[in-house]
Amino acid sequence: MTDDTRAFFATHFAHLPLMTILRGFDAARTVQLAERAWDVGIRLVEVPIQSPAALDALAATVEAGRARGLPVGAGTVTTAAHVRQAADAGAVFTVAPGFDPAVAGSSLTAGLPHLPGVATASEVQRVLAFGLDWLKMFPASDLGPDWLRSMHGPFPQARFVATGGVRLDTARTYLDSGAAGVALGSALGDPAQLERVRELAGSLTSSTTSEVSA
């Protein structure tokens with residue numbers, strides 16, 4: 001069951017190592033921002049589910065993503081009930097701020113690749129022992145890029161997605177430090193930053209294409 005999770009995240013982050021998190025918007029605004037993400041090449045969109053309104057936003061974004069053939073996931077999935085809600089809304093993957101074997105197991109049983117949060121070596125070791133090697137580094141801004149270098153020593157098989165406080169001007173630093181992906185939040189909602197998102201996505205896509213060609 002973990003092979004599906006590994007393949008899912010590896011495939012989508014290989015295209016472009018960016019994910020966007022759309023938290024706290026109504027359904028229409030969430031779809032609008034997801035469209036912006038897709039238009040610049042970001043394939044993975046996460047909608048945290050912390051309220052009934054968030055579930056509506058997730059369902060609407062899932063429908064919009066389905067029209068493009070792109071996956072939409074549910075974030076802040078911390079209980080088995082959240083997993084059921086995510087699946088009912090059509091989410092394709094789940095993301096959690098921490099690691100709970102019961103939540104991870106429920107998600108995988110439902111056929112939803114799961115990205116659990118980690119912040120310590122002990123947590124990384126537990127998640128890897130569970131059978132997942134894609135992990136959410138959270139909160140990235142508190143842990144810092146050096147944390148990635150430290151974790152890759154004992155855990156070279158781990159693939160980290162830096163999440164939480166990652167800015168446009170620090171995203172590449174995390175990637176250069178070993179992150180397999182980074183998650184961006186508010187930048188897509190700021191017209192002044194949107195062009196910078198487009199430039200970052202373009203430069204990372206070019207880098208990925210060059211690496212594949214080489």
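Where does Pro-139 lie, in a helix or in a loop? I looked it up and found Pro-139 in the loop between β7 and α7 (140-143). Helices here are DSSP runs of H or I with at least four residues, strands are runs of E with at least two, and both are numbered from the N terminus. The peptide bond from Phe-138 to Pro-139 is cis, with omega near -5 degrees.

**Ground rules**

I am working with a predicted model, where local features need pLDDT of at least 70, side-chain atom pairs count only at pLDDT 80 or more, and totals for chains, interfaces and linings use all residues. Residues are numbered from 1 along each chain as its sequence is written, and side-chain values use heavy atoms, with hydrogens and water left out.

**Overall build**

I noted 10 helices and 9 strands for the protein. Next I checked the radius of gyration, taken over C-alpha atoms; the globule rule is 2.2 Å times the number of residues to the power 0.38. The protein has 16 Å, which agrees with the value near 17 Å for a compact globule of 214 residues. Along the principal axes, the C-alpha atoms fill a box of roughly 45 × 40 × 35 Å.

I then looked at burial (buried is under 20% relative accessible area, exposed over 50%, partly exposed in between, with a 1.4 Å probe and protein chains only). Buried residues make up 50% of the 214. For contacts (heavy atoms within 4.5 Å), I took pairs at least 6 apart in sequence, and 61% of these join residues at least 24 apart.

**Cores**

My next stop was the nonpolar cores, sets of buried Ala, Val, Leu, Ile, Met, Phe, Trp, Tyr and Cys residues joined through side-chain atoms within 4.5 Å. The largest has 59 residues, and Val-124 and Phe-160 are among those with the most contacts inside it. Leaving aside neighbours within four places in sequence, I see Val-124 in contact with Val-118, Leu-135, Trp-147, Met-151, Phe-155 and Phe-160. A second, separate core of 12 residues includes Ile-21, Phe-93, Trp-134 and Ala-183.

**Thr-20**

I placed Thr-20 in strand β1 (residues 18-21). Thr-20 counts as buried because its relative accessibility is 0%. Beyond four places in sequence, its contacts include Ala-37, Val-45, Leu-184 and Leu-188.

**Thr-76**

I found Thr-76 in the loop between β3 (72-75) and α4 (80-89). What is phi of Thr-76 near? I read 55 degrees, a positive value in a residue other than glycine. Most residues other than glycine have a negative phi, which made me look twice. At 15% relative accessibility, Thr-76 is still buried. Not counting neighbours within four places, Thr-76 is in contact with residues including Arg-23, Glu-46, His-82 and Pro-97.

**Lys-136**

Is Lys-136 buried or exposed? Lys-136 is buried, because its relative accessible area is 5%. I located Lys-136 in strand β7 (residues 134-137). Among the residues more than four places away that Lys-136 touches are Val-95, Leu-115, Val-118 and Val-161. I also took a C-alpha separation: Lys-136 and Phe-155 are 19 residues apart along the chain and 14 Å apart in space.

**Ala-102**

My last entry is Ala-102, in helix α5 (residues 101-109). Ala-102 is partly exposed, with a relative accessible area of 49%. Thr-78 is 24 residues from Ala-102 in sequence, and their C-alpha atoms are 9.4 Å apart.
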